[in-house]
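Biologist: Could you walk me through this one? I'd like to go strand first, then helix, then charges.

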Amino acid sequence: MADQVIRGTKDFQVPEYFNFADVIDEWAKNEKEGRRQSDHPALWWIDGAGNEVKWSYQDVALNSKKTANVLSTAADIKPGDRVMVILPRIPEYWLIQAACLRTGGVFVIMAINIGPKELQRRILRSKPVCVVACSCDQVDNDLLDVVDQITSSGQVDIRSRIFVNRMKHEQREGWLSFEDLFHTASADFQSVNSLSSATSNIYHTSGTTGNSKMAEHSQASTGLGSAGMRHSRFVETDLNWTTTPTGWSVLPVCHFFMPWSVGSGSFVHYKNVTTREALETLQKYPITHGRFMPSFYMTALDEEDLKSFSFPKLYRCVVSGEPANKHMIRRWKEETGVELWNCYGQTETVRGLMKMSHDTMAADTKW
């Protein structure tokens with residue numbers, strides 16, 4: 001692959017080989033040697049029912065290597081093999097993404113709220129060799145039935161099905177137990193030497209016109225591209241919270257690649273929280289960046305006494321999905337003291353941002 005300059009950065013050359021898993025390992029090394037300047041976990045997960053997971057970068061590195069061994073042995077994942085993931089916001093989502101990078105597998109994330117017919121269409125088109133899923137209040141068993149039916153029919157050569165038990169401890173016939181495999185897996189794994197152009201992720205568009213379409217991304221466009229996004233403004237001491245569902249490119253880009261490229265932390269809430277629950281979470285935890293849909297800000301401004309809340313660490317909020325108008329941005333700043341930014345990006349590009357100031361809207365970055 002010929003070197004090329006990434007727009008938005010100065011004289012940056014894309015290397016011929018790149019694997020974002022090496023970035024995770026570098027932060028794990030920095031952390032171990034006391035050179036990471038943050039006390040935030042790399043991944044801080046809560047489920048809203050009192051359960052919590054705090055993983056350092058060293059934990060993420062070790063656990064993702066164990067998961068990579070699960071994929072490469074039990075699932076026989078080779079570079080270029082597609083791994084379909086039907087998971088809500090649980091820690092294993094982040095582990096499978098990192099493990100796919102390490103093995104060279106292609107991470108194909110599915111929206112958990114799609115119907116059986118749409119899932120069938122996407123499986124037939126994407127042709128995964130492995131499916132990782134779970135059963136919980138957010139994932140309908142009808143989706144797992146579709147996977148079983150296609151596997152049995154032989155329409156797609158799904159060689160392995162892996163069942164994650166974090167939210168509901170049960171087994172499913174014909175599926176491998178992730179917990180059992182993970183428990184016995186080795187933590188010794190050498191990540192593949194990936195070309196920067198090697199496919200790492202496949203997202204599906206929203207299907208604004210016609211059916212949703214697959215959007216393919218490489219190690220460079222996800223790992224290097226996300227790290228080079230000037231609009232992220234993440235620094236090492238940040239703790240970022242994104243409430244986007246797992247089926248959209250926003251989550252891996254803004255909650256995996258971007259924060260972990262600079263050594264900052266990702267805060268994850270399993271629940272689809274209400275507006276009040278979100279405000280209480282922002283008040284309780286040291287979150288510095290919050291990313292929500294416009295409906296959150298509208299409801300908070302119209303129905304809550306925002307000045308009664310205190311957000312000691314929060315200094316930036318972002319609107320995703322739809323643009324916020326100047327009135328909303330101005331009111332949010334006045335009532336919370338926190339800047340509100342509009343973010344624009346496409347599944348096909350996962351790049352681009354517009355910042356709306358109090359009086360005008362102007363491009364913050366030029367691509």
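## A strand, a helix and some charges

Modeller: Sure, with two caveats. This is a predicted model, where local features need pLDDT of at least 70, side-chain atom pairs count only at pLDDT 80 or more, and totals for chains, interfaces and linings use all residues. Residues are numbered from 1 along each chain as its sequence is written, and side-chain values use heavy atoms, with hydrogens and water left out.

Biologist: In β5, what is the bridge partner of Val85?

Modeller: Strands here are DSSP E runs of at least two residues, helices are H or I runs of at least four, and both are numbered from the N terminus. Strands β3 (residues 82-86) and β5 run parallel, joined by four bridges; to count as paired, two strands need at least two DSSP bridges between them. The residue in β5 that partners Val85 is Val132.

Biologist: How many residues of strand β5 (residues 130-134) are buried?

Modeller: Buried means under 20% relative accessible area, exposed over 50%, and partly exposed in between (1.4 Å probe, protein chains only). In a regular strand the side chains alternate between the two faces of the sheet. On one side of β5 sit Cys130, Val132 and Cys134, on the other Val131 and Ala133, and all are buried. So the count, going by the under 20% cut-off, is five of five.

Biologist: Which residues of helix α10 (residues 294-303) are exposed on the other side from its buried ones?

Modeller: The buried set is Pro294, Phe296, Tyr297, Ala300 and Leu301. Seen down the axis, these fall within an arc of 160°, so they line one face of α10; the arc is taken over the directions from the helix axis to the C-beta atoms. On the other side, the exposed residues are Asp302 and Glu303.

Biologist: How far apart are the closest N and O atoms of Arg121 and Glu118?

Modeller: These two are three residues apart in helix α4 (residues 116-126), which means about one helical turn separates them. They form a salt bridge, that is, a side-chain nitrogen of Lys or Arg within 4 Å of a carboxyl oxygen of Asp or Glu. The closest N and O atoms of Arg121 and Glu118 are apart by 2.9 Å.

Biologist: Are Glu31 and Arg36 buried or exposed?

Modeller: Their side chains meet in a salt bridge, at 3.3 Å from N to O. As for cover, both Glu31 and Arg36 are buried.
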